[in-house]
Structures are given as C-alpha cells and as structure tokens.
Amino acid sequence: MHSTSDILDIRQVEKSKIDQVDFDNLAFGKNYADHMMVCDYKDGAWQKPKILPYGPMEFEPSAKVFHYGQAVFEGMKAFKDENNKVWLFRPEENFNRINISSKRMAIPEFPKDYFFAALETLLKLDEKWVHPGDGNSLYIRPFVIASENGVSASPSNEYKFMIICCPAKAYYNSPVKVLVADHYSRSADGGVGFAKAAGNYGAQFYPTNLANEKGYQQIIWTDSNSHKYLEEAGTMNLFFRINDKLITAPTSDRILDGVTRKSIIDLARHQGVEVEVRKITVEELVSAAVDGSLKEIFGTGTAATIAFIEGFEYADKYHDLPQIENPYSLRFKKGLQDIQYNRAEDPFGWRYEVKLD
Ligand SMILES: *Cc1c(COP(=O)(O)O)cnc(C)c1O
C-alpha cells in the first residue's frame, strides 16, 4: 500500500473559508469546501492527482467539453456520527459507476487507488465541513471533463478528473406533485440514460420547466418507445407501493442503476417487505390509484435520499395519493439514514469509515 503523499501532491489553503459559511441556512451548491482534487489525463495516462485550494480554473474556449458535452459525474455523500467519525456510503458503487459512465462517453477509466486516496485526503483536510446531525452531510461531486483544445468532433485526448465538495442539509423534503411524460423522453434504447452523462441533465431541464409551469415539480419519465412504462422521476429512481408490495422498474439502457434504489430494495426485503423488480405500466398505476390500492410513490437518489410524491397527473387527470400511517417511504428513509449516520447495525457492509488520522 502506498501512503497518500506518494499518490497525491497536496497544496493546502492558507486560510479556511469555513467561517464565512452559515451552516444553518445553506443554499445547496453555493458553498464549497476548501479543497478540491484535480487529476489530468494526457499522453495516454492519468497523471499524479493534485489536491488544491478550491477555486476557478482556466480553459480555452475550444476545450471539447464546451462543444460536445463529453462529461460525466457522480454524486455521493459523507456523514458524521456523534463521535465525529466520518463515513461514506457504498463509495465503491460510485467509483464503479463513474467508470461505466466514462466508458460509454469514450473517456478513459480512472484508477481506483487515485479515487480513494483523493476522497480520503479531501475528507481529512475538510473534515470540519462535514457537520453531524440528521440531514447534514458533505455532498461529494466527482466529475470528468474533456479538456483538450480543438473543435474537431472526436474524443478528447486530454481530460480532467475532479472532485469538489459542498455542505448539504436535507433538501426536497416537502412532497412533490409529478407529471407523467407522454411526449418528451429522458433516455432511449442504445442511448446514455444508464450513464451519469452531463447532457442527460441538460436535456431534461426544458421539459421540466414546462411541467413546473403547469404546477408540477418533477416529471415521471416513461419509456421513449411507447410512453407506456414508468421509468424514473426527474433524476431519481421510482418506487410504487401497491397494497403492501413495493414495485420498481428493472435497470436498463434507459434507467440508471441508482445506489439508493438498490439499497432500498435490499433494506425492504431485509425487513420482510415484498419487492418486485419488474416493468410497470402507466395503466396499472392509474387503475391502482382509482381502486385505492396505490398507497405510495417515491423517488430515490443520493441528494434527497427519498422524495415523497403526493400525486401525479396523467392524460389531464390528477390523481391524489392517500395520506397513510407509517409510510414505507419514511420507514426506509430512516432505515437508510440510520445506517449512513452510524446509528444502526449495518448488516449489509455499506458503511465505509474514513480514517481521519
Ligand atoms: C444519479 C441518478 C439517480 C440516483 O442514483 P443514486 O446512486 O441513488 O444517487 C437516479 N436517476 C438518475 C437519472 C440519476 O442520474
């Protein structure tokens, strides 16, 4: 095993910016922790990663990422427990997935020892930015961009793999109303929907704005071929509870393999709840809403953990969900957070302790 100083070059900030941050009134994504990681790919190899003070960077206007969107990212979180230990949640999953995303976007894969050395070093240096307490976390954003200059439409020969971190409080907690898509699509067969490719997000802003104008916060995406099958909600995976059974669509070219999704499936089964991973149609959803067997819909993702959906519109008709006691959504959100914050046993081995000394 190498020590991190063999793996990384480190230049620390002279003075931390943490005193300028109002942790009680955080606007998500507005404040960044003191340090970031930058690793360059050139001459056919990833160079030595650098930890630097967070700050602006210079790019030429011809850098390929600006023209062809060759960019992928990840989203993960660090949590602090009551004894000031810092934990990551299933970080190997994010590491594996960013390389899956990279491969699809013709970006070279990143070495695992660099990824983990960078995470550990950043969290050690910026440990104070991880606040304890329910809902508090440090959101970690690894991403890769094509940095070579030149507007020729071909894969870049140079990239930057970076990691930046921002403090987060629980967000999206009020229930949302969603609109079921019958025209726009998030992803298509053979496309990049399974990858965390930057362009997937850019392409869904416009249809989401249209939904917002109609009073819906998010879109439930349906399959691009027939618009008959329910797929994801905004940038989250989707779960339906019909009577006492949970249903979620199988992952595919079009549906992203969310870490929260698979954790909820395991957690629910562990608690004796029946989970069906199968395709579910809009028709089945509407008839379950009409006959009252539809109890809950929720989205899952790292940012919000679980987002409660209070109703949906399809074919100009709005369907309200019932108010129920002890919903699965709350129970599994708490179950997951208890593991993330080291408040409960972790029978799955999901927690990853960050060594702070
Ligand atoms: C990131 C993402 C998710 C959620 O994945 P997690 O690993 O649970 O954060 C779901 N759908 C899409 C489209 C995403 O980009």
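Visitor: Which residue has an N or O atom in its side chain 2.5 Å from a nitrogen atom of the ligand?
Guide: In this predicted model, the contact in question pairs a nitrogen atom of the ligand with a side-chain N or O atom at 2.5 Å. A pair of N or O atoms counts as a polar contact within 3.5 Å, and the residue that supplies the side-chain atom here is Glu232.

Visitor: How much of the area that the ligand exposes when taken alone does the protein bury?
Guide: Taken alone, the ligand has an exposed area of 380 Å². The share of that area buried by the protein is 96%.

Visitor: Which polar atom of Thr235, backbone or side-chain, lies 3.3 Å from a nitrogen atom of the ligand?
Guide: Tyr201 places a polar side-chain atom 2.6 Å from an oxygen atom of the ligand. For Thr235, the partner is a nitrogen atom of the ligand, and the polar atom that lies 3.3 Å from that nitrogen belongs to the backbone.

Visitor: How many residues of the shell around the ligand are charged?
Guide: The ligand is surrounded by 14 residues, with Lys196, Tyr201, Glu232, Thr260 and Thr302 the closest, and both β13 (236-242) and α6 (259-270) contribute at least two residues to the shell. By class, the shell holds four nonpolar residues and six polar ones, while the number of charged residues is four.

Visitor: Which three residues supply 34% of the area that domain 1 buries against domain 2?
Guide: The domain assignment divides the protein chain into domain 1 (4-168) and domain 2 (176-340), and their contact takes 20 residues from domain 1 and 21 residues from domain 2. About 1,800 Å² is buried between the two domains, with 61% of that area coming from carbon and sulfur atoms. On the side of domain 1, the three residues that supply 34%, more than any other three, are Phe73, Phe89 and Arg97.

Technical notes: Residues are numbered from 1 along each chain as its sequence is written. This is a predicted model: local features need pLDDT of at least 70, side-chain atom pairs count only at pLDDT 80 or more; totals for chains, interfaces and linings use all residues. Side-chain values use heavy atoms; hydrogens and water are left out. A residue is near a molecule or strand if one of its heavy atoms lies within 4 Å of it. A polar contact is a pair of N or O atoms within 3.5 Å; within protein, one must be able to donate a hydrogen and the other to accept it, and residues adjacent in sequence count only if both atoms are side-chain atoms. Accessible areas come from the Shrake-Rupley method with a 1.4 Å probe; for residues, only the protein chains shown count as cover. Helices (H or I, at least four residues) and strands (E, at least two) are DSSP runs, numbered from the N terminus. Ala, Val, Leu, Ile, Met, Phe, Trp, Tyr, Cys and Pro count as nonpolar, Asp, Glu, Lys and Arg as charged, and the others, Gly among them, as polar. Domain bounds come from an automatic or database domain assignment. Contact means heavy atoms within 4.5 Å. Buried area is the accessible area (1.4 Å probe) that two parts lose on being put together, summed over both.
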